[in-house]
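Here is a short guided tour to read alongside the sequence and the 3D view. Keep both open and follow along at your own pace.

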Amino acid sequence: MPKQIKNIKRITYSGLSIGILILLWQGLSYFGIIDYNLIPPPTKVFSAIVEWAKNGELFQDFFTSIWRALIGLIIGSIIGILIGFLTGRSEKMNLILTPVLNVLKAFPPVAMLPIFITLFGIGDFSKIFSIAFATIFPLWVNTHIGSSTIPVEFIRSARLMSKSELNIFFKVIIPASMNSIIAGFRISIAISFIMLYVSELAGASSGLGYQISSSQLAYRTDMMLGALIVLGLTASMVDFIFNRLIKYVFPWVQLNKVM
Amino acid sequence: MSEFSILVKNISVSYDDNLRVLEYVNFDVRNGEFIAIVGKSGAGKTTLLNTLAGFIKFKGEINVEGNIGFCFQNHSLFYWMTVAENIGFGLKKNGSEKRVIINDVLKKIGLLDLANKYPKELSGGQMQRVALGRAIAYNPNVLLLDEPFSSLDIYTRDQMMDWVLKLISEMNITVVMVTHYLDEALVLADRIFVLKEKKILREIKVPFAKPRSQAIRFTEQFQKSKQELSSLINQQ
């Protein structure tokens, strides 16, 4: 199927599913099947978003949140990927680090937030580090699995052709683990936005998570749903940009897809 | 340089204390010679090849002169690299010198126009040709082939055999190939080792002059040799 037709098909299906959902929501509200005050209709939520944008707070909240989420995600990813390669490629490091990491992995990131606040104060650092903490583990597990299950033939042929372990690491081990790392990163994107919301509940004065909680306290469910939708769209946008970037930087990933 | 590319003395391989796969195997391979190793599944053919490449631990002595090129049964091309990048992986040269060698190999394997394709975009036969190209690109003295055509259909396999015959006649390279197909062994090899019960049961000199073509497969002598090999492998 030509690429353009494929793209039109994809956009049509996505637009249709979102359109149907909005129409259904509007209809249920219009006919009084769902309480207008508890769950306002899309038109009211849209008006709240416009109002939020007009007073300039939407962009401020958006940039504050995306900055926190991305910095946390980047820090968590770097740590998770590095540890993943260590435990995935070194038997000794696996024996030393995995028991500790397995315990840490079981800690609910939400429960770690007070510890980060104690350590880094109520500002941005505690939010960023709580996001980083939550994103380390999906990347550690995926990098570990990806790098420890590389077909032995890849390593054997690489070692016959190159004597440099650094060359083998960068040109064989990293790319051969890439599919697994990408999957881990996508999970971490979603987790980083969940943690963003949780971290902005405590001691924040701006951000999408803050807007959701403050609107809820003010009984502005239209604004709360609007902020929730913006948060969801932001997370989808990051995921979309990441996917585009992957297609551009690693074109071979696309070729390995079954669908 | 010695007369022999490979010298193997009394090698034994065990996967653990109880499972011995090879026992006191001895042989030598002259420079430029083509050896085929045949035998039933589980006879230790691939283990012997892996031992020669230094992939697994062994007892005994192995001397391999110069570099080794290895071509795996399932090609094992790096799927994140293009055809040209795969071929250039083992080259120590840089820049234009590297490009010249890559282009030379691409011409040899007849895939110059597919240089920028990824392995997933190639057919089985093309992938196997790239794998062979990658194995010979850095000019190894010894080429080890582990059932290189086993995943191909019968027509592609015949084409590949012709291509290997041509390639080998152009290069002075020592080859050790593991195969299940007796036709392949008889068409390509100078000597055939029949592996059985952890040892080389018999060594057979192929009675056809080189350069060869696949036409020898239809001669009476070929059928006789094939029969002899087959009964050696299957005898109790």
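## Confidence and overall build

Among the elements of chain A, helix α3 (residues 57-89) has the highest mean pLDDT, at 96, while helix α11 (residues 251-255) has the lowest, at 79. This is a predicted model, so those scores are a handy place to begin. For chain A as a whole, the average pLDDT is 92, and 98% of the residues score at least 70.

Chain A is built from 11 helices and zero strands. Along the sequence its pattern reads α-α-α-α-α-α-α-α-α-α-α. Its C-alpha atoms fill a box of roughly 70 × 55 × 30 Å along the principal axes. Of the 259 residues in chain A, 33% are buried. Taking contacts in chain A between residues at least 6 apart in sequence, 72% join residues at least 24 apart.

One pair to look up is Trp67(A) and Gly207(A): they sit 140 residues apart along the chain, and their C-alpha atoms are separated by 9.8 Å. Trp67(A) belongs to helix α3 of chain A. Is Trp67(A) buried or partly exposed? It counts as partly exposed, because it has 13 C-beta neighbours inside 10 Å, and a residue needs 20 or more to be buried.

## A helix with a kink

Next, turn to helix α6 of chain A, residues 124-148. At 1.5 Å a residue, its 25 residues should span 36 Å, and the end C-alpha atoms are indeed 36 Å apart, so expectation and model agree. Where does α6(A) have a kink of about 25°? The kink lies at Ile136(A), shortly before the proline Pro138(A). The helix is also mostly covered, with 21 of its 25 residues buried.

## Domains and the chain-chain contact

Both chains have been assigned two domains. In chain A, domain 1 covers 1-34 and domain 2 covers 38-255. The centres of these two domains, taken over C-alpha atoms, are 28 Å apart. Six residues from domain 1 of chain A and four residues from domain 2 of chain A make up the contact. On the domain 1 side there are four nonpolar and two polar residues, with no charged ones.

In chain B, domain 1 is assigned in two pieces, 4-66 + 141-234, and domain 2 is 79-140. Here the centres are separated by 25 Å, again over C-alpha atoms. The contact between them involves 13 residues of domain 1 of chain B and eight residues of domain 2 of chain B. On the domain 1 side, the elements giving two or more residues are β6 (142-146) and α5 (154-170) of chain B. Of these, α5(B) gives the most, with four residues. By class, that side of domain 1 of chain B divides into eight nonpolar, five polar and no charged residues.

The two chains also meet each other: 15 residues of chain B are in contact with 16 residues of chain A. The chain B side of this contact has 11 nonpolar, two polar and two charged residues.

## Backbone details worth a look

Several residues have a positive phi, and they are collected here.

| Residue | Phi | Place |
|---|---|---|
| Tyr219(A) | about 55° | loop between α9 (208-217) and α10 (221-249) of chain A |
| Lys198(B) | about 70° | loop between β8 (191-196) and β9 of chain B |
| Gly54(B) | about 85° | just after α1(B) |

Neither Tyr219(A) nor Lys198(B) is a glycine. How do their surroundings look? Tyr219(A) is exposed, because it has 10 other C-beta atoms within 10 Å and the limit for exposed is 12 or fewer. Lys198(B) is partly exposed, with 18 other C-beta atoms within 10 Å.

Gly54(B) follows helix α1 of chain B (residues 45-53), which is mostly covered, with eight of its nine residues buried. Those buried residues include Lys45(B), Leu48(B), Leu49(B) and Leu52(B).

Finally, which bond joins Lys210(B) and Pro211(B)? It is a cis peptide bond, with omega about 0°. You will find Pro211(B) in the loop between β9 (199-205) and α7 (220-234) of chain B.

How values were computed. Residues are numbered from 1 along each chain as its sequence is written. Chains are lettered from A and ligands numbered from 1 in the order in which they are written. This is a predicted model: local features need pLDDT of at least 70, side-chain atom pairs count only at pLDDT 80 or more; totals for chains, interfaces and linings use all residues. The expected span of a helix is 1.5 Å times one less than its number of residues. The bend at a residue is the angle between axes fitted to the seven residues ending there and the seven starting there. Domain bounds come from an automatic or database domain assignment. Two residues are in contact if their C-beta atoms, placed from the backbone, lie within 7 Å. Ala, Val, Leu, Ile, Met, Phe, Trp, Tyr, Cys and Pro count as nonpolar, Asp, Glu, Lys and Arg as charged, and the others, Gly among them, as polar. pLDDT is the predictor's confidence in each residue, from 0 to 100.
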